Amino acid sequence: MNDFWQRAIVHPFFLFLFALVALVWALVGALPAALFFGIGVSVRLYLHLRNLAAFDRWLADPDTRDVPDGTGMWEDVFSELNKLTKRRRQERQQHAAALLQMKQATSALPEGVVILDEADRIEWCNPLAERHFGLDTGRDVGQQITYLARQPEFVQYLAMNNFREPLILRDTRHGDLVLSVKLIAYGDNKRLLISRDITHLERIETMRRDFVANVSHELRTPLTVVNGFVETLQDMPNLENDMARRALALMGEQTSRMENLVDDLLTLSRLENEQNVLQEEKVDVPELLKILLEEGRSLSKGQHQLRVEIGCQEPLSGSANELHSAFGNLVTNAIRYTPQGGEIVLAWDQMADGHLRFSVKDSGIGIAPQHIPRLTERFYRVDRSRSRETGGTGLGLAIVKHIALRHQAQLEIVSEEGSGSTFSIVFPLKRRWAEASS
Ligand code: ADP
């Protein structure tokens with residue numbers, strides 16, 4: 001029996017009532033005793049009902065009303081209830097203060113934040129996200145974000161569940177605003193959508209691109225003129241002065257280096273230009289490999305053994321010119337970084353998961369692991385002097401990476417210092433001509 005019932009039974013009122021009934025019974029008999037008992041219980045019942053009614057009134061609005069005082073046993077019950085209510089009110093105030101602080105902190109963030117549920121419905125967003133995506137918290141909470149931000153690339157990005165790479169969103173509701181958008185998974189299938197305004201950075205990047213393209217373009221004409229004159233002077237039959245001949249040979253070498261550099265810079269600018277849409281045509285890769293083999297042999301001048309391995313006949317959908325340039329760059333590098341007598345294998349095959357792969361394997365000098373992640377940066381070279389000696393510009397792999405990206409392909413590099421390297425371009429299934437043209 002718990003405390004409550006013990007207290008109820010030994011309550012002074014009941015003890016007094018039992019004593020009174022026993023006394024009346026002893027003096028005057030059973031009927032008056034029953035009468036006394038009945039009146040006593042009725043009074044007790046009335047008191048209980050009164051407390052119960054007070055409790056009921058309080059329950060109707062517990063947040064604003066004070067807990068009633070109560071009488072008898074109810075006094076203890078209401079006193080406990082009062083303590084509980086006070087504790088709950090205090091906790092609620094603390095939660096509200098914490099929530100307010102969090103809202104203020106997220107409002108001060110320099111990034112937009114949207115909380116999405118498992119069905120991409122908006123649960124909450126900060127004021128910056130409202131501005132970035134044209135949302136209104138009051139109106140749009142519970143709506144699917146893709147109803148409000150409908151750009152196809154954004155819808156595709158959300159569907160892909162890509163948590164690694166950010167998406168650059170140009171076509172926003174605010175005209176020239178450029179956003180970098182990133183998804184972060186958390187909790188039970190929930191996702192945070194983080195948006196950053198990179199309009200300013202994009203403007204600087206465009207200025208840089210335009211500057212490089214313009215300078216390269218402007219340099220091209222004077223370089224062609226200088227090179228032309230150097231060649232004419234070299235061909236002069238009466239050029240006897242040794243010093244002049246050596247100087248002209250050096251001038252010729254350096255001007256062609258500069259021409260190669262300008263050509264590579266212009267190629268990169270063209271690839272980076274968003275208006276330059278990819279030409280979609282049927283590219284017969286096995287046929288292209290035969291051409292590359294001939295070109296490679298003529299560059300190698302018999303110093304290396306070159307061969308082709310064709311594991312599949314599948315043609316690609318893409319730009320024949322760009323793919324020729326990317327594949328050619330890899331073959332040229334293999335020849336330049338493989339000592340005389342080395343072996344170079346050009347291959348085209350289909351991987352177990354269906355992806356198509358072009359690869360160039362050499363038995364050359366190889367690359368130490370710490371350099372591999374940086375090879376596609378512009379002008380990054382492992383050995384500067386070797387690159388120069390062999391006529392490198394330091395832009396070859398940057399061009400290859402751009403061309404691969406334009407074809408949704410990945411450039412993969414596997415290498416071991418002293419043993420050789422394999423450079424592969426792996427194309428997704430949708431790049432198969434049969435798939436792309438259907
Ligand atoms: P570069 O004109 O200097 O060759 P790339 O962008 O083509 O510029 O290559 C960057 C660097 O990567 C090179 O300087 C070289 O150090 C390294 N590299 C590229 N291909 C190979 C290869 N097949 N074997 C060894 N090193 C390579």
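A strand, in this report, is a run of at least two residues that DSSP assigns as E, and strands are numbered from the N terminus. Strand 10 covers residues 356-362, and Val-360 lies in it. The structure discussed here is a predicted model.

**Overall division**

The protein chain is divided into four parts: domain 1 (3-99), domain 2 (109-197), domain 3 (202-272) and domain 4 (281-437). Between the C-alpha centres of domain 1 and domain 2 there is a distance of 57 Å.

**Helix 9**

Helix 9 runs through residues 199-234 and contains 36 residues. At 1.5 Å a residue the expected span is 52 Å, and because the C-alpha atoms at its ends are 52 Å apart, the expectation and the model agree. The helix nevertheless bends by about 25° at Arg-220, and the proline Pro-222 follows within four residues.

Several residues of helix 9 are buried, namely Thr-199, Glu-202, Arg-209, Ala-213, Ser-216, Leu-223, Asn-227 and Val-230. Strand 5 (190-197) and helix 10 (242-272) are included in what covers these buried residues. As a general rule, an α-helix has 3.6 residues a turn, so residues three or four places apart point the same way.

**The ligand**

There are 21 residues around the ligand, and those that come nearest are Asn-333, Tyr-337, Ser-387, Gly-394 and Leu-397. The side chain of Asn-333 has an N or O atom 2.9 Å from an oxygen atom of the ligand. For Tyr-337, a polar side-chain atom is 2.8 Å from a ligand oxygen atom. In the case of Gly-396, a polar backbone atom is 3.3 Å from an oxygen atom of the ligand.

**Four buried residues**

Four residues from separate elements of the model may be set side by side. A residue counts as buried when its relative accessible area is under 20%.

| Residue | Location | Relative accessible area |
|---|---|---|
| Phe-78 | helix 4 (residues 73-108) | 2% |
| Asp-140 | helix 6 (residues 137-140) | 3% |
| Val-360 | strand 10 (residues 356-362) | 2% |
| His-407 | loop between helix 14 (396-406) and strand 11 (410-416) | 0% |

The contacts listed below leave aside residues up to four places away in sequence. Phe-78 touches Asn-51, Phe-55, Val-67, Pro-68, Asp-69 and Gly-70. Its C-alpha atom is 70 Å from that of Glu-205, and the two residues are 127 residues apart in sequence.

Asp-140 is in contact with Ile-122, Gly-134, Leu-135 and Leu-148. Between Asp-140 and Ile-310 there are 55 Å in space, C-alpha to C-alpha, and the pair is 170 residues apart in sequence.

Val-360 touches residues that include Leu-330, Val-331, Ala-334, Ile-344 and Val-345. Also among its contacts are Ser-421, Thr-422 and Phe-423.

His-407 has a relative accessibility of 0% and therefore counts as buried. Its contacts include Leu-278, Ser-317, Gly-318, Ser-319, Glu-322 and Leu-323. Phe-427, Pro-428 and Arg-431 are also among the residues in contact with His-407. With Ser-319 there is a polar contact as well: the side chain of His-407 reaches the backbone nitrogen of Ser-319 at 3.1 Å. Val-360 and His-407 are 47 residues apart in sequence, and their C-alpha atoms are 18 Å apart in space.

Notes: Residues are numbered from 1 along each chain as its sequence is written. This is a predicted model: local features need pLDDT of at least 70, side-chain atom pairs count only at pLDDT 80 or more; totals for chains, interfaces and linings use all residues. Side-chain values use heavy atoms; hydrogens and water are left out. Domain bounds come from an automatic or database domain assignment. The expected span of a helix is 1.5 Å times one less than its number of residues. The bend at a residue is the angle between axes fitted to the seven residues ending there and the seven starting there. Buried means under 20% relative accessible area, exposed over 50%, partly exposed in between (1.4 Å probe, protein chains only). Contact means heavy atoms within 4.5 Å. A residue is near a molecule or strand if one of its heavy atoms lies within 4 Å of it. A polar contact is a pair of N or O atoms within 3.5 Å; within protein, one must be able to donate a hydrogen and the other to accept it, and residues adjacent in sequence count only if both atoms are side-chain atoms.
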